[in-house]
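Work through the exercises below with the sequence and coordinates open. Try each task before reading its solution.

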Amino acid sequence: MAGFRLIFSALLLGTLCVAGVVGGAVAENGLTETRQAQCMDCHAASSNVAVHAINNTVHRDLAGGGNASCTTCHGTSEEHLRAPTNTAPDVSFGPRWPSGADARSASCQSCHEKSDQILWTGSEHQQENLSCDSCHDLHRQQDLATAGKASEQICLNCHQQVRAELRLPSRHPIAEGKTACTDCHNPHGGLGDADLHQVSLNDNCFSCHQEKRGPFLWEHPPVAEDCSLCHRPHGSVNDRLLTARGPALCQQCHAAAFHPSVPYGSEGLPGGTSNQNLLGKNCLNCHSQTHGSNHPSGARLTR
Amino acid sequence: MNSRNRLPFPFTAASALVLATSGALAQEADPYAPLAVESRPLQTRWQTDYAGAVQLGLGYTSDDNYMFGQYNGRNKDEATVIGNLQWQDFRSADSYWQVSLSDLGLDTREGEITWGVPDRLKISLGFDSQQQVRNDSGRTPFRGDNKQRLPDDWVSGLYTSDWTALDDSLKKFDRELSRDRLSFAADARLNDRWRMETRLSYEDKQGHGDIGGAIYTDAASGDAALLRSPVDYRTTELDLGLSYDGDRLHLDGHLAYSDFDNKDDILTWQNPYSSFGPNVRYPNGEGGLGLAPDNDQASGRLTGHYIFSSTTRLQFDGSYAVASQDQNYADYTVNPALTVTEPVPRNDYDGEVATSTFNTRLLLRPMAKLNAEVFYKLRDRNYDTNRDGYLYVRGDGGNQPRSALTVYNTNHDLTSQIAGFEVGYRLPLRSKLSFEYEYEDVERRNAAVEETEEDRYTLGYRIQPWSNFSARMHLQYADRAADTYHWDQSYYALLDAELINATPDNQRYITHPQLKQYYMANRERWEGKVDLSYLPTARWNLNLNMLYRDDDYDQSKLGLTESKWGRVNFSASYAVSDTLSGSVYTGYDRYEADQTSRAFRGGQEKNAFEIYPPLPQASDPQQNWDIDATDTSITLGANLRWQLAPDLELNLDYSYVDTKGEQDYSTRPGGSVTASDLPDVDTRLHQFEASGTWHMRDNLSLQLDYQFYSYKTDDWAWKNVQADTIDTVLTFGQDNPNEDIHYVGASVIYRWR
């Protein structure tokens with residue numbers, strides 16, 4: 001008899017537990033009030049769990065806040081509520097049960113498919129099976145992907161070759177965080193080259209270097225066509241981000257009579273002839289207006 | 001913590017045992033902890049969960065420099081304040097605000113204040129100061145800013161070595177540029193479908209760069225000087241955006257306006273040389289350089305996509321921009337003593353260039369495993385400006401020449417179109433095979449080549465056979481064909497008919513007829529890329545990335561004939577434990593370019609079409625010379641993050657970069673052209689950073705920083721080049737960078753909830 005009572009009490013206890021779970025009013029997000037309480041029951045704030053850091057961000061009040069802000073991204077996850085250690089939420093960002101990349105991105109795109117994110121589908125990153133959470137982490141007070149200086153590290157985790165270029169002798173201030181990768185590139189995708197923000201590479205450069213925009217009375221045609229014909233934007237061994245040093249760079253395209261066609265070797269160094277086309281700024285000692293000139297006497301880019 | 005509902009039945013001992021046992025188990029181990037990943041880097045963990053943090057302290061840089069402090073504001077031997085602030089409040093459901101300020105004690109300070117109503121409105125005000133310092137070891141005898149004059153006791157001469165008063169007149173100057181930018185941004189959600197964005201910025205860029213100017217009468221003469229160039233720019237930009245978020249159609253439209261204003265129109269300098277006539281030589285002679293003209297650009301852009309179905313989507317991005325410039329022209333010469341009888345043909349350029357772009361892509365998924373896309377890209381650059389003759393004064397060196405020397409400005413319209421498709425098919429082992437074909441057609445007006453066409457074929461393969469290993473490979477072949485190379489196009493476009501008619505047919509060119517400018521030349525390209533990622537264990541991450549590209553300009557006899565680019569990058573990171581992780585990386589990059597040219601003089605030697613000996617120089621292959629230029633860089637780096645104790649963190653970072661620039665010459669045996677190899681240009685950088693943080697209390701930390709920076713180079717362009725080393729170029733006499741800099745910083749971080 002005592003044994004029967006024990007078993008009955010346990011069964012009654014279990015039944016009433018289940019009754020407590022399924023009972024209660026059904027909330028707008030499909031969860032009962034009792035179920036609403038259960039996201040936070042397990043995923044409690046603690047010093048080692050970053051889940052609640054989201055409460056210090058704009059995502060805190062999604063769908064009214066509280067557990068509703070969890071289910072907005074992770075889905076109602078009823079199966080997960082019933083068997084939390086064995087079943088994943090509807091949308092899980094890992095590491096234990098990561099959902100597919102498209103499912104994870106779709107969760108974010110329910111709100112974020114505008115402006116810079118509008119061309120995500122079909123983008124290079126999306127085709128490489130990345131998802132929003134590959135770079136963004138919402139369960140922290142400051143999402144590193146949008147944190148300026150720190151965001152470059154996220155890019156460099158994959159784009160290792162760029163890390164090497166950031167310390168070359170001539171470079172943009174990317175390592176200092178004054179030019180972020182995202183100042184030029186749109187990681188959410190674009191239809192132009194290299195996922196640049198602007199419609200063309202030149203327009204991208206002109207967004208900071210407006211003095212080169214022109215138009216000029218005397219144009220230097222390769223400048224108007226493509227800045228990368230002479231420059232390497234991430235970093236270069238040569239001064240001013242040039243792909244090659246002068247006078248050789250200029251002589252790739254120029255071989256006019258007299259000085260433009262002459263080779264300038266080590267005989268032109270100090271101690272030899274100290275040649276003006278080799279030393280100092282080489283061709284630019286005179287032809288300084290390489291990006292174009294608006295001076296009436298500037299046909300040779302010397303004015 | 002919300003408690004589970006208590007059950008309404010007698011609390012028997014058995015029930016209590018079950019509950020107590022369950023509770024005890026729950027306290028001993030948290031089975032859910034792995035589900036919420038601790039991904040915060042060590043150094044930021046202490047800064048989260050707090051509403052705000054302020055960091056105050058002092059830093060000290062050991063020496064004046066211009067490489068270490070090129071962009072970071074630490075270019076002087078001085079103490080600087082460390083000041084950073086992060087503060088935010090998201091407690092209210094009605095609104096939130098954030099403040100971020102950094103580097104307050106440096107000239108590179110920046111900050112932003114944001115206020116918003118979640119999902120409704122966001123307003124930001126920001127400021128950003130940037131600084132660039134360049135080599136300031138140089139000196140100049142000139143005084144003044146945009147009108148540069150020599151000291152009264154200047155002693156002139158034909159060559160720089162004749163200037164006996166030069167040394168006494170040289171003074172150091174700063175070559176710094178600073179940009180200060182103010183910005184305003186407002187984003188508003190008008191309703192479920194419509195959003196609006198506004199961006200307004202104002203930027204002030206000031207300082208000094210450097211520029212070369214020469215006074216001359218023809219191509220053979222040139223008395224040059226390197227000058228400090230004033231920079232005083234103001235740029236105002238406005239961007240208005242409106243986006244629509246429909247069920248199938250998403251649109252994002254922008255109207256933008258950018259106005260660039262240069263406070264300086266012209267830079268003049270007093271001629272230090274005593275060449276040429278009395279009106280040109282020192283002290284009366286003067287040269288003038290036009291500085292960047294004011295310009296503005298108005299543009300409109302529409303981006304969007306239309307979802308036909310779950311398997312079909314159209315994306316598009318189009319824009320139209322007009323850049324215009326109508327700054328008043330300078331006179332042909334700044335020297336009033338020179339005779340100019342024919343004025344400038346108009347007062348200003350009064351011209352504009354319209355750039356249209358249209359990119360579109362149709363994404364399809366005809367089968368579950370097959371993705372396809374078809375794309376088209378257009379870029380059209382169309383000038384609307386006048387073409388006039390300019391009887392220009394050569395180099396402020398003499399009177400206006402005869403009318404036969406009139407030159408004409410030319411526009412360079414361009415239309416580029418790319419069309420293509422890509423298909424990708426998913427294969428077993430989580431792999432994907434893709435093939436892409438692109439056809440590019442570029443039409444150039446008033447260029448040596450009217451049209452180039454290129455076919456590009458790319459084969460890609462990506463595989464992830466195991467969850468911890470992925471590989472990507474890419475092979476591309478591109479074949480570009482160029483139209484007939486009109487080597488005389490620029491000659492006829494630029495010069496006056498009278499001069500052309502007076503020139504023999506076989507000399508009617510500017511650049512040698514056999515030289516093809518590489519961006520318009522036939523080219524065959526091969527490119528291969530491999531990327532491997534391997535995580536042997538959950539704590540290891542290995543990555544290898546390789547690229548090789550070979551460009552062969554097979555139809556180019558002169559000019560760039562071939563280039564090869566190869567690079568290898570390897571990185572490894574290892575998380576020993578939750579408190580210790582490290583990474584190393586290394587890279588090798590090598591770029592080789594081969595170019596050929598032919599040395600020749602003018603007059604009869606300029607005949608490039610003679611086939612019978614004795615050959616004029618322009619016709620003689622023995623006059624050819626070659627450069628084999630190679631730029632290599634080796635980078636090494638390592639990083640260690642270590643939490644020695646719960647309240648003590650250490651972060652170490654080391655970078656090493658070694659670059660070499662080589663230029664080797666070769667000439668033809670028996671020819672008259674000689675050139676010897678140039679010395680290698682080596683640079684070496686060591687940079688070590690250490691940061692230690694002691695968390696004295698939960699809300700109070702002490703941080704110590706140390707950096708060591710060593711940079712050396714031996715660029716022959718400046719090595720042993722004093723101000724008067726070159727006969728007819730006054731240089732700055734600057735030294736090559738050779739810096740060993742130490743930086744130390746101590747700061748306190750205080751946080752609050």
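## Exercises on a two-chain model

Chain A is divided into two domains: domain 1 covers 34–147 and domain 2 covers 215–303. The model is predicted.

**Exercise 1. Describe chain A: how far apart are the C-alpha centres of domain 1 and domain 2, and how many helices and strands does chain A have?**

Solution.
- Step 1. Take the C-alpha centres of the two domains of chain A. They lie 53 Å apart.
- Step 2. Count the elements. Chain A has twelve helices and zero strands.
- Step 3. Write the order from the N terminus. The string reads α-α-α-α-α-α-α-α-α-α-α-α.
- Step 4. Add the burial. Of the 303 residues in chain A, 54% are buried.

**Exercise 2. Set up the matching profile of chain B: how many helices and strands does chain B have?**

Solution.
- Step 1. Count again. Chain B comes to five helices and 34 strands.
- Step 2. Align the C-alpha trace with its principal axes. The spans for chain B are about 120 × 65 × 55 Å.
- Step 3. Add the burial. Buried residues are 49% of the 753 in chain B.

**Exercise 3. List the buried residues of helix H3 of chain A, then inspect what follows the helix.**

Solution.
- Step 1. Locate the helix. H3(A) spans residues 67–74.
- Step 2. Select the buried positions. They are Asn67(A), Ala68(A), Ser69(A), Thr71(A) and Cys73(A).
- Step 3. Recall the geometry. An α-helix has 3.6 residues a turn, so residues three or four places apart point the same way.
- Step 4. Move just past the helix. Gly75(A) has a positive phi of about 80 degrees there.

**Exercise 4. Find the residues of the nonpolar surface patch on chain B and trace the strands that supply them.**

Solution.
- Step 1. Collect the members. They are Met367(B), Val374(B), Phe421(B), Val423(B), Tyr425(B), Leu427(B), Leu433(B), Phe435(B), Tyr457(B), Leu459(B), Leu475(B) and Trp526(B).
- Step 2. Add up the accessible area. Together these residues offer about 1,000 Å².
- Step 3. Map the patch onto strands. E21 (414–427), E22 (431–444) and E23 (451–466) of chain B each give at least two residues.
- Step 4. Identify the main supplier. E21(B) gives the largest share, four residues.
- Step 5. Check one member. Phe421(B) sits in strand E21 of chain B. Its relative accessibility is 33%, so Phe421(B) counts as partly exposed.

**Exercise 5. Which residues gather in the patch of negative charge on the surface of chain B?**

Solution.
- Step 1. Select the acids. The patch holds Asp63(B), Asp64(B), Asp77(B), Glu78(B), Asp107(B) and Asp180(B).
- Step 2. Place one of them. Glu78(B) is in the loop between strands E1 (52–61) and E2 (79–89) of chain B.
- Step 3. Classify Glu78(B). Its relative accessible area is 32%, which means partly exposed.

**Exercise 6. Locate two cis peptide bonds, one in each chain.**

Solution.
- Step 1. Scan omega in chain A. The bond joining Gly214(A) and Pro215(A) is cis, with omega about 0 degrees.
- Step 2. Place the proline. Pro215(A) is in the loop between helices H10 (201–206) and H11 (221–225) of chain A.
- Step 3. Scan chain B. The bond from Pro613(B) to Pro614(B) is cis, with omega near 0 degrees.
- Step 4. Place Pro614(B). It is in the loop between strands E28 (580–598) and E29 (624–645) of chain B.

**Exercise 7. Are Leu301(A) and Asn720(B) buried or exposed?**

Solution.
- Step 1. Start with the backbone of Leu301(A). Its phi is positive, about 60 degrees, although Leu301(A) is not a glycine.
- Step 2. Place Leu301(A). It falls in the segment after helix H12 (248–251) of chain A.
- Step 3. Classify Leu301(A). Its relative accessible area is 13%, so Leu301(A) is buried.
- Step 4. Turn to Asn720(B). Its phi is near 60 degrees, also positive in a residue other than glycine.
- Step 5. Place Asn720(B). It lies in the loop between strands E32 (700–713) and E33 (729–730) of chain B.
- Step 6. Classify Asn720(B). Its relative accessible area is 55%, so Asn720(B) is exposed.

**Exercise 8. How far apart in space are the C-alpha atoms of Leu648(B) and Met696(B)?**

Solution.
- Step 1. Place Leu648(B). It belongs to strand E30 (648–667) of chain B.
- Step 2. Classify Leu648(B). At 33% relative accessible area, Leu648(B) is partly exposed.
- Step 3. Compute the separation. Leu648(B) and Met696(B) are 48 residues apart in sequence and 8.7 Å apart in space.

Conventions:
Residues numbered from 1 in each chain as written. Chains lettered and ligands numbered in written order. Predicted model: local features only at pLDDT ≥ 70, side-chain atom pairs only at ≥ 80, totals over all residues. Heavy atoms only, no water. Patch = residues over 30% accessible without salt bridge, like charges linked within 9 Å, V, L, I, M, F, W, Y side chains within 5 Å. Areas by Shrake-Rupley, 256 points an atom, 1.4 Å probe, with all protein chains shown as cover. Salt bridge = Lys/Arg side-chain N within 4 Å of Asp/Glu carboxyl O. Lys, Arg positive; Asp, Glu negative; His and termini not counted. Charge placed at Lys NZ, Arg CZ, Asp CG, Glu CD. Buried < 20%, exposed > 50% of the residue type's maximum accessible area, 1.4 Å probe, protein only. Domains from an automatic or database assignment.
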